[in-house]
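Me: Could you walk me through how to read some features of a protein model? I'd like the general idea each time, then the case in hand.

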Amino acid sequence: MPHPSSPVLGPEPAQGHPRRRSILAALCAALLVMSVSVMAVTVALPSIAADLRATTTQLQWITESMVLALAALLLPMGALADRYGRRRVLLAGLAVFAIASLLAAITRTPGQLIAARALMGMGNAMITPATLAIVRAVFPASALPRALAVWGAVASAGVVLGPLSGGVLVEHFGWRSLFFANAAILLPAALSIGRLAPAFAPRAKAALDVPSILLIAAGLPALIHTIIEAPRRGWLDPFAFAAAALLAGFVLRQRRTAHPLLDLPMVAARSFWPAAVAAATGFLSLMGVLFLITQYWQDVRAFSPSTTALLLLPTAAGQLAVAPFAPRLIARRGVRLVALAGLLGLAAGLMLITTGLRTQDWILATGLGLVAAGNGMAVNAASTAMLASGGQRQAGSAAAVNETAFKLGGSLGVAAFGAVITGHLTARLTPHHGILPPDMTPFATQSITGAMQAARHLGGPEGAWLARVAGDAFIDGFGQAALLAAVLAIAAALTTLALLEPHHLPKENRS
């Protein structure tokens with residue numbers, strides 16, 4: 001039975017919920033934890049590597065597992081929310097995320113942390129489809145834009161608070177405190193949501209396509225596994241063939257089933273897929289850069305976590321600077337022009353990063369700001385195009401694909417950037433493994449943190465030589481990855497210019 005203060009609502013209530021502001025506050029607290037948890041862990045990567053002796057590949061999986069589980073399960077969990085109720089799935093997701101955070105805080109091996117982060121991603125996938133649906137349901141149409149603006153501001157705040165809070169917590173309380181903090185914030189948020197959020201009138205039972213769920217939930221991780229492990233296992237690894245077979249099977253299934261998870265005609269439309277490419281490219285570049293930049297500053301430059309957090313402020317500033325203006329620019333100039341400007345700004349920022357790694361920190365910071373601002377513009381325009389192309393009837397499917405493009409792009413960025421770094425470190429250090437302490441050789445040749453720890457262990461001229469070689473390998477790999485991402489951003493910009501409609505907005509939204 002619903003709580004007395006949480007009346008059962010139909011799918012389109014005429015009046016807003018009497019406690020809608022309290023519901024929004026509780027939902028925003030949960031959203032903030034989701035947003036902060038993605039960003040804060042980037043600052044903690046060197047500390048995690050040192051404590052758990054994690055290689056670069058393992059750090060990739062620690063970063064990737066949460067985002068990848070989220071990307072793989074968004075569509076299935078959206079179907080579950082439709083079938084079993086938004087509030088029920090949301091509360092279950094909050095419980096899963098909080099329990100997984102506590103498990104992450106007490107892990108003792110990289111594998112355990114990877115598994116806990118994957119479970120966090122599963123909880124996030126249960127939370128994400130339900131939260132905005134509840135916001136839309138409890139606010140009347142007249143107040144909905146302001147509620148969504150608050151929602152967007154909280155999501156953007158995570159970009160700032162993630163690195164800052166992460167840096168302070170890691171430096172003073174250790175990396176495990178990040179995960180304890182998640183659980184501490186989510187518990188009261190879950191209690192408030194359970195007490196305040198309304199139940200919804202039951203709908204007809206939505207069809208649940210289990211084969212499609214299994215195919216995509218297995219296919220996306222197999223694809224990312226192939227990219228991450230390519231430096232060690234090659235591109236002909238069985239996982240590569242498994243990924244291709246599973247994803248091909250998913251596409252075939254979507255073409256034949258009566259209730260597909262993914263609307264293939266919508267995705268294949270000229271007004272949709274170029275926008276999805278632009279969104280994925282933006283997150284690929286941003287998340288790939290963030291994955292490496294904290295290791296560069298803490299391991300190569302020996303900066304503290306707090307200093308690293310402060311150096312990440314241009315990234316947050318770039319994101320926040322475009323947030324108020326992007327919607328107005330899109331309305332006036334159209335999605336194509338704004339997406340094109342964002343992708344070109346992204347490419348320019350990546351080029352500056354390749355220069356700043358060996359020159360001045362201010363050039364590097366400027367590059368980070370441009371990457372973040374370019375990502376913000378490209379993603380805003382791409383989201384507008386994708387959501388508008390879906391129309392009212394396909395709004396849910398378009399939103400799910402929109403979010404999946406973000407997460408999958410970020411996962412591919414971490415996988416690709418990390419693979420380049422692993423390849424450079426292994427190639428430079430393996431020929432000289434004879435000077436490394438035997439118990440540190442695998443860690444040192446596959447992780448910049450491990451290489452620097454081995455250098456400190458050796459000391460003297462040999463240690464100084466190892467630190468210099470490892471640092472140069474990391475910088476060269478970082479520069480190469482950023483250059484390749486810049487080329488990809490330019491290719492996405494050309495695709496946008498050639499194929500994306502100049503205006504893809506309803507007439508009433510244009511000025």
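**Reading the model, feature by feature**

Reply: Let's start with a helix length check. Helix α6 covers residues 176-196, and its 21 residues at 1.5 Å each should span 30 Å; the end C-alpha atoms sit 31 Å apart, which agrees. The expected span is 1.5 Å times one less than the number of residues. Helices here are DSSP runs of H or I with at least four residues, strands are runs of E with at least two, and both are numbered from the N terminus. Bear in mind that this is a predicted model, where local features need pLDDT of at least 70 and side-chain atom pairs count only at pLDDT 80 or more, while totals for chains, interfaces and linings use all residues. Numbering runs from 1 along each chain as its sequence is written, and side-chain values use heavy atoms, with hydrogens and water left out.

Me: How many helices and strands does the protein have?

Reply: There are 19 helices and 0 strands. Of the 511 residues, 54% count as buried, meaning under 20% relative accessible area, with exposed being over 50% and partly exposed in between (1.4 Å probe, protein chains only). As for contacts (heavy atoms within 4.5 Å), take those between residues at least 6 apart in sequence: 81% of them join residues at least 24 apart.

Me: Back to α6, then. Which of its residues are buried?

Reply: The general idea first: an α-helix has 3.6 residues a turn, so residues three or four places apart point the same way. In α6 the buried residues are Arg176, Ser177, Leu178, Phe179, Asn182, Ala183, Leu186, Ala189, Ile193 and Leu196.

Me: An arginine is on that list. What does the side chain of Arg176 meet in a salt bridge?

Reply: Side chains of opposite charge can pair when their charged atoms come close. A salt bridge here is a side-chain nitrogen of Lys or Arg within 4 Å of a carboxyl oxygen of Asp or Glu. Arg176 pairs with Asp51, at 3.3 Å from N to O. The two come from distant parts of the chain, with Asp51 in helix α1 (residues 20-52) and Arg176 in helix α6, 125 residues apart. Arg176 is buried at 18% relative accessible area, whereas Asp51 is partly exposed at 42%.

Me: How many salt bridges does the structure hold?

Reply: It holds 4. Another one joins Asp472 to Arg358, with the closest N and O atoms 3.7 Å apart. Asp472 belongs to helix α19 (residues 460-499), while Arg358 sits 114 residues away in the loop between α14 (335-356) and α15 (361-390). Then there's Asp476 with Arg428, at 2.7 Å from N to O. Asp476 lies in α19 and Arg428 in α16, so this pair ties together parts 48 residues apart in sequence. Salt bridges that share partners join Arg358, Arg428, Asp472 and Asp476 into one network.

Me: On to empty space. How do I read a pocket, and what lines the second largest pocket?

Reply: Rolling a probe the size of a water molecule over the atoms shows where empty space is left. On a 1 Å grid over the protein atoms alone, using a 1.4 Å probe, a pocket is an open set of points with protein on both sides within 12 Å along at least five of seven lines; lining residues have an atom within 4 Å of a point. Points are joined across faces, edges and corners, and the volume is the space filled by probe spheres set on them. The second largest pocket has a volume of about 540 Å³. It has 22 lining residues, and the closest to its centre are Leu262, Val401, Thr404, Ala405 and Leu408. The elements giving two or more residues to this lining are α7 (210-233), α8 (238-256), α10 (273-300) and α16 (395-429). By class, the lining has 19 nonpolar, 3 polar and no charged residues. (Nonpolar is Ala, Val, Leu, Ile, Met, Phe, Trp, Tyr, Cys and Pro; charged is Asp, Glu, Lys and Arg; the others, Gly among them, are polar.)

Me: Last one, backbone angles. Where does Ala302 lie?

Reply: Most residues other than glycine have a negative phi, and most peptide bonds are trans. Ala302 lies in the loop between α10 and α11 (305-311), and has a positive phi of about 60° although it is not a glycine. Ala302 counts as exposed, at 62% relative accessibility. Arg53 also has a positive phi, about 55°, and lies in the loop between α1 and α2 (56-84).
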